[in-house]
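Got your viewer open and a free hand for clicking? Let's walk through this structure one selection at a time.

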Amino acid sequence: MPAVYVLNGPNLNLLGRREPGVYGSVTLDEIERRLREEAGAAGVEMTFRQSNLEGELVGWVHEAGLKGAGVVINAGAYTHTSLALRDAIAGSGAIAVEVHISNVYAREPFRHKSMIAAVCAGVICGFGPTSYKLGLAAAITLLRERTATAP
Ligand code: DQA
């Protein structure tokens with residue numbers, strides 16, 4: 001069964017009450033519930049985690065890579081700063097999809113630069129909680145393509 005880790009970085013535990021004008025009112029628990037439905041329907045094993053600690057996220061990327069799982073990652077502010085996460089994604093060999101709730105390119109210039117985008121398969125941002133759904137669908141598609149073309 002294909003496996004996908006959905007990883008959430010700092011402050012995403014505050015979704016629902018954090019800057020609702022930017023991030024809306026949907027909580028991270030609700031996003032997880034919606035994704036579990038999607039993953040279940042697709043026959044995919046989903047692991048969903050959040051941490052405010054960079055090193056913990058790095059460890060989870062390694063874990064996903066070792067298992068051959070895909071990664072959907074909203075690294076929050078670490079997106080814009082974390083060389084460690086970038087190296088973890090590149091080094092683990094995991095297929096990763098970067099997601100954001102907000103359209104980071106319509107926001108402050110410091111959010112226009114992603115440290116991890118170049119080592120991810122692609123980036124999905126600006127669709128609210130639906131960014132996660134699209135990210136999960138992309139990760140599942142890529143995992144299936146990898147399996148289909150494996151020697
Ligand atoms: C975010 C965008 C980041 O710039 C910000 O630091 C976040 C949330 C998003 O989902 O829109 O924490 O990743």
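The tour starts with the whole chain, moves on to one helix, and ends in the nonpolar cores.

**The whole chain.** What you have loaded is a predicted model. Show it as a cartoon and color by secondary structure: you should find 5 helices and 5 strands. Trace the chain from the N terminus, and the elements come in the order β-α-α-β-α-β-α-β-β-α. Now turn it around. The C-alpha trace spans about 45 × 35 × 25 Å along its principal axes. A compact globule of 151 residues would have a radius of gyration near 15 Å, and the 14 Å of this protein agrees with that. Switch on the surface if you like: about 7,200 Å² is exposed, with 56% of it supplied by carbon and sulfur atoms. As for the inside, 46% of the residues count as buried.

**Helix H3.** Next, select residues 54-67, which make up helix H3. Its 14 residues should span 20 Å at 1.5 Å a residue, and the C-alpha atoms at its ends are indeed 20 Å apart. Show side chains and pick out the buried ones: Leu 57, Val 58, Trp 60, Val 61, Ala 64 and Gly 65. They cover an arc of only 165° around the axis, so they sit on the same side of H3. The general reason is that an α-helix has 3.6 residues a turn, so residues three or four places apart point the same way.

What lies over that buried side? Add strands E1 (3-8), E2 (45-50) and E3 (70-74) plus helix H4 (83-92), which are among the elements covering the buried residues of H3. Then flip to the face turned away, where the exposed Gly 55, Leu 66 and Lys 67 are found. Just after H3, click Gly 68, whose phi is positive, near 75°.

**The cores.** Hide H3 and select Val 4, Val 6, Leu 15, Ile 31, Leu 35, Phe 48 and Tyr 132; within the largest nonpolar core, which has 24 residues, these touch the most other members. At least two core residues each come from E1, helix H2 (28-42), E2, strand E4 (96-100) and helix H5 (130-149). H5 gives the largest share, 5 residues.

Which residues does Val 6 touch, leaving out those up to four places away in sequence? Zoom in and you'll meet Leu 35, Met 46, Thr 47, Phe 48, Arg 49, Val 72 and Tyr 132.

For the last stop, select Leu 7, Val 58, Ala 64 and Tyr 78: they are among the 20 residues of another core, apart from the largest one.

Note on methods. Residues are numbered from 1 along each chain as its sequence is written. This is a predicted model: local features need pLDDT of at least 70, side-chain atom pairs count only at pLDDT 80 or more; totals for chains, interfaces and linings use all residues. Side-chain values use heavy atoms; hydrogens and water are left out. Helices (H or I, at least four residues) and strands (E, at least two) are DSSP runs, numbered from the N terminus. The expected span of a helix is 1.5 Å times one less than its number of residues. Buried means under 20% relative accessible area, exposed over 50%, partly exposed in between (1.4 Å probe, protein chains only). The arc is that of the directions from the helix axis to the C-beta atoms. Contact means heavy atoms within 4.5 Å. The radius of gyration is taken over C-alpha atoms; the globule rule is 2.2 Å times the number of residues to the power 0.38. Accessible areas come from the Shrake-Rupley method with a 1.4 Å probe; for residues, only the protein chains shown count as cover. A nonpolar core is a set of buried Ala, Val, Leu, Ile, Met, Phe, Trp, Tyr and Cys residues joined through side-chain atoms within 4.5 Å.
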